[in-house]
Amino acid sequence: MIRSVVETPIAVSTLVRDRAKQHLRVILQRMTRGRMLWRGPAHLRRVALTFDDGPHLLTPRYLDVLGRAGVPATFFLTGLFAENQPAMVAEYLRGGHQLASHGFHHTRFTRLRPDQLRDELSRTARALGPLPQGRWVRPPHGSFGPVDVTTLLVSGYTVGMWSLDSRDYDGSTPAVIAARCAPAHVQPGEVILFHEGQEDTLAALPVVIDELRGAGYELVTMADLFAR
Ligand SMILES: [Zn+2]
């Protein structure tokens with residue numbers, strides 16, 4: 001009893017904060033006319049798997065798992081790593097995946113002046129080369145403010161955020177990561193955040209794919225999820 005009395009206010013405040021966040025996302029998605037995106041259409045049973053921070057030594061194994069399952073995903077690449085591994089950039093594209101920018105140095109965009117941010121964007125764009133789905137970006141750490149978002153939108157980028165965080169960076173086991181992305185926690189239009197370079201994510205991935213498909217979800221790139 002004592003426990004529930006202590007926990008209730010925390011649960012309520014978390015709920016209120018999460019609701020407020022959801023509302024803000026919906027408003028921003030509308031205000032930017034779909035140039036800043038968290039969640040795809042709810043009327044189609046589709047989900048997008050997204051991976052940040054590559055390329056990495058483990059990338060070929062990620063591509064192998066996705067390739068075997070025939071799942072196209074979206075990779076938000078760090079420009080510096082991409083510049084150093086052009087062959088890997090070609091490999092993602094050969095696998096039918098969508099590539100997008102995650103900044104050049106993984107510096108928070110909120111800490112950059114507009115000219116510095118434009119420089120990060122153009123250097124990363126050069127490293128990625130021409131992309132069939134156009135220019136997409138995900139701000140490092142998901143942090144953004146009005147000035148940097150304006151720079152991104154004016155520069156022609158679609159800002160691809162996410163709606164479900166697998167929290168695969170917190171040392172969780174593959175089973176825990178997979179459980180967080182299980183169909184019970186997923187809704188149509190979900191954009192799931194994962195990271196590259198993580199053995200645990202790699203181990204969770206086949207389970208996540210199997211379970212989502214088993215629940216009737218089609219797995220698509222972010223560009224396809226939001227295609228009009
Ligand atoms: Zn990142």
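The radius of gyration is taken over C-alpha atoms, and the globule rule used for comparison is 2.2 Å times the number of residues to the power 0.38. The legends below describe a predicted model.

**Figure 1. Overall dimensions and secondary structure of the chain.** For 228 residues, the rule places the radius of gyration of a compact globule near 17 Å; the chain has 18 Å, which agrees. Taken along the principal axes, the box filled by the C-alpha atoms is roughly 60 × 40 × 35 Å. The secondary structure consists of nine helices and nine strands.

**Figure 2. Domain assignment of the chain.** Domain 1 covers residues 1-31, and domain 2 covers residues 36-225. A separation of 26 Å is found between the C-alpha centres of domain 1 and domain 2.

**Figure 3. Packing of helix α2 against helix α8.** Helix α2 spans residues 59-69 and helix α8 spans residues 199-214; their axes lie 10 Å apart and form an angle of about 15 degrees. Because angles under 35 degrees count as roughly parallel, α2 is described as roughly parallel to α8. The crossing of these two helices, α2 and α8, is right-handed. On the α2 side, the contact is made by R61, Y62, V65 and A69. On the α8 side, L202, L205, P206 and I209 take part. By class, the contact of α2 with α8 comprises seven nonpolar residues, no polar residues and one charged residue.

**Figure 4. Packing of helix α5 against helix α6.** Helix α5 (residues 114-128) meets helix α6 (residues 146-154) at an angle of about 45 degrees, and the axes of the pair are 10 Å apart. This angle makes α5 oblique to α6. The crossing of α5 and α6 is right-handed. Residues P114, L117 and R118 of α5 form the contact with V147, D148 and T151 of α6. Sorted by class, the contact of α5 with α6 holds three nonpolar, one polar and two charged residues.

**Figure 5. The cis peptide bond between G54 and P55.** The peptide bond that leads from G54 to P55 is cis, and its omega is near -10 degrees. P55 belongs to the loop between β2 (46-54) and α2. Helix α2, on the other side of this loop, is the helix that packs with α8 at an angle of about 15 degrees.

**Figure 6. Backbone conformation at H141.** H141 is not a glycine, yet its phi is positive, at about 65 degrees. The residue is placed in the loop between β5 (136-137) and α6. Helix α6, which bounds that loop, contributes V147, D148 and T151 to the contact with α5.

Key: Residues numbered from 1 in each chain as written. Predicted model: local features only at pLDDT ≥ 70, side-chain atom pairs only at ≥ 80, totals over all residues. Axes fitted to C-alpha atoms, helices over the stretch in contact; angles between N-to-C directions. Helix = DSSP H or I, 4+ residues; strand = E, 2+ residues; numbered from the N terminus. Parallel < 35°, antiparallel > 145°, perpendicular 65-115°, else oblique. Left-handed = near helix turned anticlockwise from the far one by under 90°. Contact = placed C-beta atoms within 7 Å. Nonpolar A, V, L, I, M, F, W, Y, C, P; charged D, E, K, R; others polar. Domains from an automatic or database assignment.
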